[in-house]
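Work through the following exercises with the sequence and the model side by side. Each task is followed by a solution that goes step by step.

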Amino acid sequence: MPQTPARPSHDRQSAHAAPDALEYRVIADDDHAGIDAVSRAGARGFLMGEPTDAELSAQRAAVEGRRHIAVFDASLLHPEVPVATVGSWITEMSTPGGSVPMWAISAVTVAPTHRRRGIARSMLERELRDASDAGLAVAGLTASEATIYGRYGFGIATTAVRFTVDTRRAGWVGPETDGRIEFIDREELAVHLGEVHEEGRWERPGDVRGWSERWREFAGIAAGEEDGKHVRGVRYVDAEGQVRGAMAYRVFEPDSGPVRLDVRLLAAASREAEAALWRFAVQYDLVDQVTADHRPVDDPLPWLVLDTRAVTAESRDFEWLRILDVPAALSARAYAAPVSVVLEVDDRLGYGSGAWLLQVDASGSVSVGADEGSGEPRVALGIVELSSLFLGGVSVRALADAGRVRGSDVAIAALANAFHSWRAPQLSIGY
Ligand SMILES: CC(=O)SCCNC(=O)CCNC(=O)[C@H](O)C(C)(C)COP(=O)(O)OP(=O)(O)OC[C@H]1O[C@@H](n2cnc3c(N)ncnc32)[C@H](O)[C@@H]1OP(=O)(O)O
């Protein structure tokens, strides 16, 4: 039997009102009820349950200093609950040989009742406009789906590798280290993860500053962490007594099947610390399998063990970047080789469009500006592709073979040599 509609038809029509009938509001930092409403809408958007008071309070602390935009629909039964959210803040991201201020975008949600009517587009285009007006050269995000953000000019800039190690066959050929590993409690773990991350993140392009609540989540002591007591933590102290590494992990012992140790976060500020923590994990008694996610593509792990086939790796896009100011972004990194090339950039939203002369001399000095008929070799590409290449982890050659970067072989090779980063980019924490 057909169901009687729960609401009159004019309500259904109003649910399809145009985006400009909605109210876009910046929620002030001290508007606790507003921030909580954003958190509630965010939790709903990301398929989570209704947050508890403790979780809301922790979330307020976590997002302090960020900008929140919420979209309201006055025609609803609960007009105080946003139908869409987006958060943003300025952070600093490491680049090959440098760093760049970045407009980080997060918590993009649109209620299922209001999807596919252009709300996300209007929020994202506003974020990019505001970032550009604020003088930011790059915006970044981590994406829930890989098909959403290319249309706004974002390209994949870091790849996250998920390792699974069969510990029974792995063995060890890595270095002996002269520091020590010791257990720490979870409060100490949160502090050490933050400190070691901050020290170590400059080693690789792509990483960003963390925040206290993020470390507490990894350490299992964030509000709402039901299984937090199972999280364990260790730190690596080097021969000089300096803490150079910290690792949060959890062991699962199912009724049947392999006993598994999941590395929640391995933070290291030296290669000895990294190797020692890997060894600790893969040689853990009674554990059959170790997993670790968000590792870089050049992680030493497969080379630390005797049997490389004990390690399987799956990779996935992680950090997406969007260059807004081509000269400022390209000047904020070092290059691996001299190059003189004109980048003809196509940007549908206009920010990066133009012909840009990039010159890097033998001393590494960089100059980027509008090309004024230099006659240097030309390479044509979209802003998505340039943003993907920015951190030096995506192959220029692969993009050229895919028809997404166009130019002579000589120009492509010169660009590839210059852009390559000797450490693969890594974003170790989602944001
Ligand atoms: C950085 C982050 O926060 S990532 C998290 C993103 N959020 C989520 O995944 C939570 C669940 N999903 C949602 O909340 C929403 O579906 C969103 C935010 C992904 C999209 O919101 P909507 O308001 O429906 O998007 P909107 O109507 O503005 O669509 C804009 C464009 O994106 C496309 N699009 C929207 N959602 C998706 C999707 N999930 N996959 C692919 N394309 C999409 C639309 O087709 C449209 O394309 P077009 O303009 O080129 O024709």
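A residue is called buried if 20 or more other C-beta atoms lie within 10 Å of its own, exposed if 12 or fewer, and partly exposed in between. The model is a predicted one, and the exercises below apply this cut-off to it.

**Exercise 1.** Decide whether leucine 47 is buried or exposed, and state where leucine 47 is found.

Solution. Begin with the neighbour count: leucine 47 has 7 other C-beta atoms within 10 Å, and it is therefore exposed. Next, place the residue in the chain, where leucine 47 lies in the loop between helix H2 (32–45) and helix H3 (53–62). Finally, look at the backbone, since phi of leucine 47 is near 65 degrees, a positive value in a residue other than glycine.

**Exercise 2.** Determine whether alanine 107 is buried or exposed, and which element holds alanine 107.

Solution. The phi angle of alanine 107 is near 55 degrees, again a positive value in a residue other than glycine. Alanine 107 belongs to strand E4, and because 22 other C-beta atoms lie within 10 Å, alanine 107 is buried.

**Exercise 3.** Describe the surroundings of valine 108 and of valine 110.

Solution. Start with valine 108, which sits in strand E4 (residues 98–110) and is buried because it has 24 other C-beta atoms within 10 Å. When neighbours within four places in sequence are left aside, the contacts of valine 108 are Val86, Ala120 and Met123.

Turn then to valine 110, which is also found in strand E4 and counts as buried because it has 22 C-beta neighbours inside 10 Å. Not counting residues up to four places away in sequence, valine 110 touches Gly45, Val83, Ala84, Arg115, Ile119 and Ala120.

As a last step, compare with the annotation: an unreviewed UniProt entry places the feature "binding site" at positions including Val108, Val110, Ile119 and Ala120.

**Exercise 4.** Work out which element gives the largest share of the shell around the ligand, and how the shell divides by class.

Solution. The ligand is surrounded by 22 residues, the closest being Val108, Arg115, Ala120, Arg121 and Ser144. Strand E4 and helix H4 (119–133) each supply at least two residues of this shell, and the largest share, six residues, comes from E4. Sorted by class, the shell contains ten nonpolar, six polar and six charged residues.

How values were computed:
Residues numbered from 1 in each chain as written. Predicted model: local features only at pLDDT ≥ 70, side-chain atom pairs only at ≥ 80, totals over all residues. UniProt positions renumbered as here; feature names shortened; annotations may be inferred. Helix = DSSP H or I, 4+ residues; strand = E, 2+ residues; numbered from the N terminus. Contact = placed C-beta atoms within 7 Å. Near = placed C-beta within 6 Å. Nonpolar A, V, L, I, M, F, W, Y, C, P; charged D, E, K, R; others polar.
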